[in-house]
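Trainee: I am new to this one. Please take me through a single part of it, slowly enough to follow by eye.

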Amino acid sequence: MTDFFTGTWNALGQRLTEEKVLKAVTTLAENKINVTNFIIDDNWQSIDYRGHGQFQHGWKEFEAERDAFPQGLKHMVKLIREKQPSIQHIAVWHAILGYWGGLAPDGKIAKTYKTVEVVREDAERRNLPLGGKVRDIHFDVVGVC
């Protein structure tokens, strides 16, 4: 029994769909590859796809991308468990700011919660296109002082 599997990012790439995830789980089952932990990685989220790439995209809402997961994550989790009973734990990934570009300024999360603009300062040191302002949940909401 394999203890861990992060199949969606490495095996399926970006722009995940329910169909892609279920096909991967079916392939595991057909090949008798039993895993206990399954991570639905990047791009399950409802994001705005603004800007030049994923580092500028913002998270719009807590629900999964409706076009890619039309019946939601709960339904997909049910199907995953039916196809591969060895999977005990199913997780989803998201960046600490919600998504690489933070929160979408006109998304449901930003409209529902108090937010703040923050500046990412270490982009040059990491050689990543992360510089500039991003929107994040305000500290008052998460209880951090």
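Trainee: Let us look closely at one pair of helices. What kind of crossing does α2 make as it passes α3?

Mentor: α2 passes α3 in a right-handed crossing, meaning that the near helix is turned clockwise from the far one by less than a right angle (anticlockwise would be left-handed). This is a predicted model, in which local features need pLDDT of at least 70 and side-chain atom pairs pLDDT 80 or more, while totals for chains, interfaces and linings use all residues. Residues are numbered from 1 along each chain as its sequence is written, and side-chain values use heavy atoms, without hydrogens or water.

Get your bearings. The protein chain has six helices and six strands. These are DSSP runs numbered from the N terminus: H or I of at least four residues for helices, E of at least two for strands. From the N terminus, the order is α-α-β-β-β-α-β-α-β-α-β-α. Of its 145 residues, 39% count as buried. Buried means under 20% relative accessible area, exposed over 50%, and partly exposed in between, with a 1.4 Å probe and protein chains only.

Start with α2. It runs over residues 18–30. Its 13 residues reach 18 Å from first C-alpha to last, close to the 18 Å expected at 1.5 Å a residue (1.5 Å times one less than the number of residues). Its buried residues are Glu18, Val21, Leu22, Ala24, Val25 and Leu28. Seen down the axis, they fall within an arc of 155°, so they line one face of α2. The arc is taken from the directions between the helix axis and the C-beta atoms. On the other side of α2, Glu19, Lys23 and Glu30 are exposed.

Why do such faces form? An α-helix has 3.6 residues a turn, so residues three or four places apart point the same way.

Now α3, residues 72–83. Its twelve residues should span 16 Å at 1.5 Å a residue, and its end C-alpha atoms are 17 Å apart, which agrees. Gly72, Leu73, Met76, Leu79 and Ile80 are buried. They cover an arc of only 125° around the axis, which puts them on the same side of α3. Lys74 and Glu82 are exposed on the other side. The buried residues of α3 pack against α2, and also against β1 (37–40), β3 (59–64) and β4 (89–92).

Put the two helices together. Their axes come within 9 Å and cross at roughly 15°. Axes are lines fitted to C-alpha atoms, for helices over the stretch in contact, with angles from 0 to 180 degrees between N-to-C directions. α2 and α3 are therefore roughly parallel to each other (under 35 degrees; over 145 is roughly antiparallel, 65 to 115 roughly perpendicular, the rest oblique). From α2, Glu18, Val21, Leu22, Val25, Thr26 and Ala29 meet Gly72, His75, Met76, Leu79, Ile80 and Lys83 of α3. Contact means heavy atoms within 4.5 Å.

Then check the loops around the pair. Just after α2, Lys32 takes a positive phi of about 55°, although it is not a glycine. Lys32 sits in the loop between α2 and β1. It is exposed, at 68% relative accessible area. Asp67 lies in the loop between β3 and α3. At 73% relative accessibility, Asp67 counts as exposed. Asp67 and Thr17 are 50 residues apart in sequence, yet 8.1 Å apart in space, C-alpha to C-alpha.
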